[in-house]
Amino acid sequence: MTRAEFEQLLKNNEKRTATVRERAHRAHHLVNQHYDRTHPYGLHLDMVAGFVFEYGHHVLRSAEELPALIFAAYFHDAIEDARLSYNDMLQLARVLVGDSHAVLATEIIYALTNEKGRTRAERANDAYYAGIRSTPYAPFVKMADRLANATYSRTMSHKSTDSHRMLGVYSRELPHFLEAISGDGVADGRLAIPAEMIDRLRQTLVRD
């Protein structure tokens, strides 16, 4: 899909996008979740969606699937952090996305939900990454999520905060992260990660 075609689809879905965005912001606000302890969590959701909108033309294979991708971009953390269940997401997606692609939207979110665990490694274990690699658009949204976190840590966080410290974590994790979310010989383009995003993440993680 060309960038121009994708941008036209986004324009056609502006009203739906605004509704999805508002509902996702509200879901995280209701549980008093913040980003970097200071910002409304919607800041992060908007950053992730922004990267999805910037690079989505590389992976979208059907115009009809765009609403599911929009929904997943804004709600990608909702099961993990906003006390919503898989069924909550599925029911909401049916309202905002439609029955035909509600399952796709919810499966992306489910795939991006960390496993139970005491450590970062346990929460993002092999089973977690296997689920991402096997779910259409999940690797792409995960990359948008990581790029949003890294970009914030690089450009917006105070150097004394944990968020800025995470730059080092993301940098050390980068080889494993890219391998973990990338499939071998992927035939389904919806499982692909645009090379431009990988390059941008590498550049973002370059230390001062």
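Let's start with a word you'll meet a lot here: a residue is buried when its relative accessible area is under 20%, exposed when that area is over 50%, and partly exposed in between, using a 1.4 Å probe and protein chains only. By that rule Ala150 is buried, because its relative accessibility is 0%.

Before going on, keep in mind that this is a predicted model, in which local features need pLDDT of at least 70, side-chain atom pairs count only at pLDDT 80 or more, and totals for chains, interfaces and linings use all residues. Residues are numbered from 1 along each chain as its sequence is written, and side-chain values use heavy atoms, with hydrogens and water left out.

## Around Ala150 and Ile198

Ala150 lies in helix α10, which covers residues 138-155. Helices here are DSSP runs of H or I with at least four residues, strands are runs of E with at least two, and both are numbered from the N terminus. What does Ala150 touch, leaving aside neighbours within four places in sequence? Its partners are Leu167, Tyr170, Leu201, Thr204 and Leu205, where contact means heavy atoms within 4.5 Å. Leu167 is 17 residues away along the chain, yet its C-alpha atom is 6.3 Å from that of Ala150.

Ile198 sits in helix α12, residues 195-204. Not counting residues up to four places away in sequence, Ile198 touches Met143, Leu178 and Ile193. Its C-alpha atom is 9.8 Å from that of Leu174, and the two residues are 24 apart along the chain.

## Helices α2 and α6

Now go to helix α2, residues 14-30, where you'll find Thr17. Thr17 counts as buried because its relative accessibility is 12%. Leaving aside neighbours within four places in sequence, Thr17 is in contact with Phe53, Ile70 and Tyr74.

Ala27 is in α2 too. Ala27 is also buried, with a relative accessible area of 13%. With neighbours within four places in sequence left out, Ala27 contacts Phe75, Ala82 and Leu84. For a sense of distance, the C-alpha atoms of Ala27 and Glu7 are 27 Å apart, with their positions 20 residues apart along the chain.

Helix α6 (residues 86-96) has Met89, Leu90, Leu92, Ala93 and Leu96 buried. An α-helix has 3.6 residues a turn, so residues three or four places apart point the same way. The buried residues of α6 pack against α2, α4 (66-75), α5 and α7 (99-111).

## Some positive phi angles

Most residues other than glycine have a negative phi. Have a look at these three:

| Residue | Place | Phi |
|---|---|---|
| Asp36 | loop between β1 and β2 (39-40) | positive, near 55 degrees |
| Arg83 | loop between α5 and α6 | positive, about 60 degrees |
| Gly98 | follows α6 | positive, near 110 degrees |

Arg83 counts as exposed, because its relative accessibility is 67%. Arg172, in helix α11, is exposed as well, with a relative accessible area of 63%.

## Where α9 meets α11

How do α9 and α11 cross? The axes of α9 (residues 126-133) and α11 (residues 162-181) come within 8 Å and cross at roughly 50 degrees. Axes are lines fitted to C-alpha atoms, for helices over the stretch in contact, and angles run from 0 to 180 degrees between N-to-C directions. The pair is therefore oblique: angles under 35 degrees count as roughly parallel, over 145 as roughly antiparallel, 65 to 115 as roughly perpendicular and the rest as oblique.

On the α9 side the contact is made by Tyr129, Ile132 and Arg133, and on the α11 side by His176, Phe177, Ala180 and Ile181. These residues divide into five nonpolar, one polar and one charged. Nonpolar covers Ala, Val, Leu, Ile, Met, Phe, Trp, Tyr, Cys and Pro; charged covers Asp, Glu, Lys and Arg; the others, Gly among them, are polar.

## The largest pocket

The largest pocket has a volume of about 880 Å³. A pocket is an open set of points on a 1 Å grid over the protein atoms alone, where a 1.4 Å probe fits, with protein on both sides within 12 Å along at least five of seven lines; lining residues have an atom within 4 Å of a point. Its volume is the space filled by probe spheres set on the points, which are joined across faces, edges and corners.

The lining has 32 residues, and Glu80, Arg120, Asn149, Met166 and Tyr170 lie nearest the centre. Which helix gives the largest share of the lining? That is α11, with eight residues. By class, the lining has ten nonpolar, nine polar and 13 charged residues.
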